[in-house]
Amino acid sequence: MSLQEVLMALGDPLVELQVAPRGLDVAVLDVVIMDPDDVPDIRAGDLALVIGARGRAALPLVRAAGARGAVAVAVKVDGPVPQLRQAAVDAGVALVAVRPEVRWEHLESLARAVLTAPADNGEVLGDLFALAQTIASLTGGIVSIEDTSSRVLAYSRSSDEVDELRRLSILGRQGPEPYLKMLRDWGVYQLLRSGEEVVRIDERPELGIRRRIAIGIHAGPTPLGTIWVQEGDAPLTEQAERALLGAARVTALHLVQRRNEPTAAFRENLLASLLDGRTDAESVAGQIGADPGKPAAVVVFTSRDESADRTQAELRRAELTGLISVHAAAYRRSALVTQVGARTYVLLPDLPPGAQLLSLTKEIVTTARKHIGLGVRAAVGSTVSTLDEVGVSRQEADRVLDAMGRDLDADVATLADVRSRVLVSETLALLAANPRVRDPRLDKLDGELGRSVLAYLDAFGDVRSAARVLHVHPNTLRYRVRRAAEVSGVDLDDPLQRLFAQLQLRLG
C-alpha cells in the first residue's frame, strides 16, 4: 500500500504529514516500533513509529530510519520543529507528526489494520477504512467501527466538527464516563449486542455529545462489534438507517475474515466460482445460508472512471465496491459481491416474487454519482428460478454491459428492455471483428453521405422525418441519397442491399 493510502486512511486527528521528499507513492510494507534504547531494526519500506522520544529528541532516530531505508517516520510533536523536517528531507524519509495525546499501541494497531486489509479480489472488497468512508457517504454522518471491547478499528475522514466522544475514541481513550453510564442505563449496549436493530441516541449538549445512530455487528448470534454514526453539521440522510443495516452485514464479513483467514479466503472466491461453474449451487447456498431452490439474479456494475492516476482509480473502485456491498447486503442478507477484472458482480439469492432489482440498481448508480462522483454502468440479469441457473442471469447481464461499452447509451438496463439494441450491437461487433464481411462499395461514401443514407434508411425512406433528424432541408437529403447511390453503386431499392448498408453504415 502506498504511503498516500495509509495517510488517507489514518488522517486527522491522529497524524499529519510534514514532509515527503520521495513523494507519496512509495510503498509501505510494514509498521515497526523504534525505541531510543534499542538497536534500530528497520528495513526498507518500513513505517517507523518513534516512541520514547519526541520533538528534537527524535532527530537521531529520524536520521537512522532514513539511513536504513524506512519510507516514513512517525514522531510525536508539541509544535513546529523545523530541525526535524530538515533532518527528514536530508535523510530522504517522510516525516509524519503524531498528536501528543495519541496512544502508540492504538496507532500501531490501526496502521497494521490498514496494511493488512484483504485484497480487492473477492466477496469482501476494500478495507475497513474504505468501508467506513462509504458508510459515511451513504448516511451523511461521521463513522467509527469498533470491536466488542469498544476499540476503534476504523473510521471515516470528515471535514465536519467531531464531538468529544468521537475524538477520544479515535485517540484510543474512553469517552466521558457520565455519558457511557447513561448508555449503559438506557440499555443501548444490550440492544447493540442482542440483534440487528438501529439504535438512536439523542444529543447531550452539556457533555459535548452530538446525536448518533448505531448498530451491532453480528455473525449469527455472536456479536463482533458496533458501527457508530455521529451526526455532523448536516442532518443524517433519509436512507441512513437502511444503509447502516447493510453496512453491518458487510462489516461482519470483514471481521470474520480477520478471525478466520482460511475460511475467508474460500468465501472470497465463492461467487466467482459459482459464475464460472467451478462450484455447485448447493455448496454456495450452504455457505451463505440461502435456499438453492428459490429465485436468484445477477447484477453487474462497471465504472466509467478513466483516471490516469492509478492510485486514485483504485481508491475510487474500492469505495464503489463498498457502496455496492452495503446496498446489496441491506437488500438481501445472503448477497455475494465479487470483482472479476473491471466488473463487480452481485448475486442476489432468495428473491421474493416481483423483486424490484431495476430500482435497486438505479439507486446504487445514482448514489455512486452523488456521493463518490463516479459514473457507473449497470446491467441486471433476468431472475432465474433456482440458484443453479444464475449462469444464465450473469450471461444476460454481461451481454447488456458489453453493448453499453460499445454503442448502447444507457446507465442501467435489462436485456428485456434493450434486447433489439443488444442484438444489433452484437451483430456489429461480429462485423467489426471480420473485415472480410463488408461491402467495399460503401467505403466510397464520405461521412456526410454515409450519415445521410443511414438516417434515410432508419426512417424507412421517409425523407421529411430523416431530414428533421439531420437538421437539413428535405431536398438536400434527396440530393445526398441520389449522390450516394451514384458514388457507391449500391441499389437502395434492393431490400437486401438496403439491409446490409444499414448495418455497415451503423458500424461506421
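**A walk through the sheet and its helices**

Let us start at a single spot: Val199 has Ala214 of β9 as its bridge partner. That pair belongs to the contact between β8 and strand β9 (residues 212–219), where three bridges join the two and the strands run antiparallel. Before going on, please keep in mind that this is a predicted model.

From here we can step back to the whole sheet. It is an open sheet of five strands, in the order β7-β6-β10-β9-β8, with antiparallel pairing. The edges are taken by β7 (152–155) and β8 (199–201); each has a single partner strand, so one side of each has no neighbour in the sheet. Going from one strand to the next, the twist averages 25 degrees. In general, the strands of a sheet pair through backbone hydrogen bonds, in either a parallel or an antiparallel way.

Now let us cross to the other edge. There, three bridges hold β6 and β7 in an antiparallel pairing, and Ser144 stands opposite Tyr155 in β7. These two strands form a hairpin with four residues between them, and in this hairpin Ser150 takes a positive phi near 65 degrees.

A helix meets this part of the sheet. Helix α5 (residues 128–139) lies across β6 (141–147), β7 and β10 (222–231), and its direction is at about 140 degrees to β6.

Next comes a pair of helices. In general, two packed helices are described by the angle between their axes and by the distance between those axes. For helix α2 (residues 59–67) and helix α3 (residues 82–91), the axes come within 9 Å and cross at roughly 15 degrees. An angle under 35 degrees counts as roughly parallel, and α2 and α3 are therefore roughly parallel to each other. The crossing in which α2 passes α3 is right-handed.

Which residues of α2 and α3 meet? On the α2 side they are Leu59, Val62, Arg63 and Gly66, while α3 brings Gln83, Leu84, Ala87, Ala88 and Ala91. Sorted by character, the residues of this contact are six nonpolar, two polar and one charged.

Finally, how confident is the predictor? Across the protein chain pLDDT averages 83, and 91% of the residues score at least 70. Two stretches call for more care when you look at them. Over residues 118–126 pLDDT stays under 50, and the model has 36 contacts beyond four places in sequence for them. Residues 260–268 also stay under 50 in pLDDT, and for these the model has 13 such contacts.

Key: Residues numbered from 1 in each chain as written. Predicted model: local features only at pLDDT ≥ 70, side-chain atom pairs only at ≥ 80, totals over all residues. Heavy atoms only, no water. Axes fitted to C-alpha atoms, helices over the stretch in contact; angles between N-to-C directions. Parallel < 35°, antiparallel > 145°, perpendicular 65-115°, else oblique. Left-handed = near helix turned anticlockwise from the far one by under 90°. Contact = heavy atoms within 4.5 Å. Nonpolar A, V, L, I, M, F, W, Y, C, P; charged D, E, K, R; others polar. pLDDT = per-residue confidence, 0-100. Pairing = 2+ DSSP bridges.
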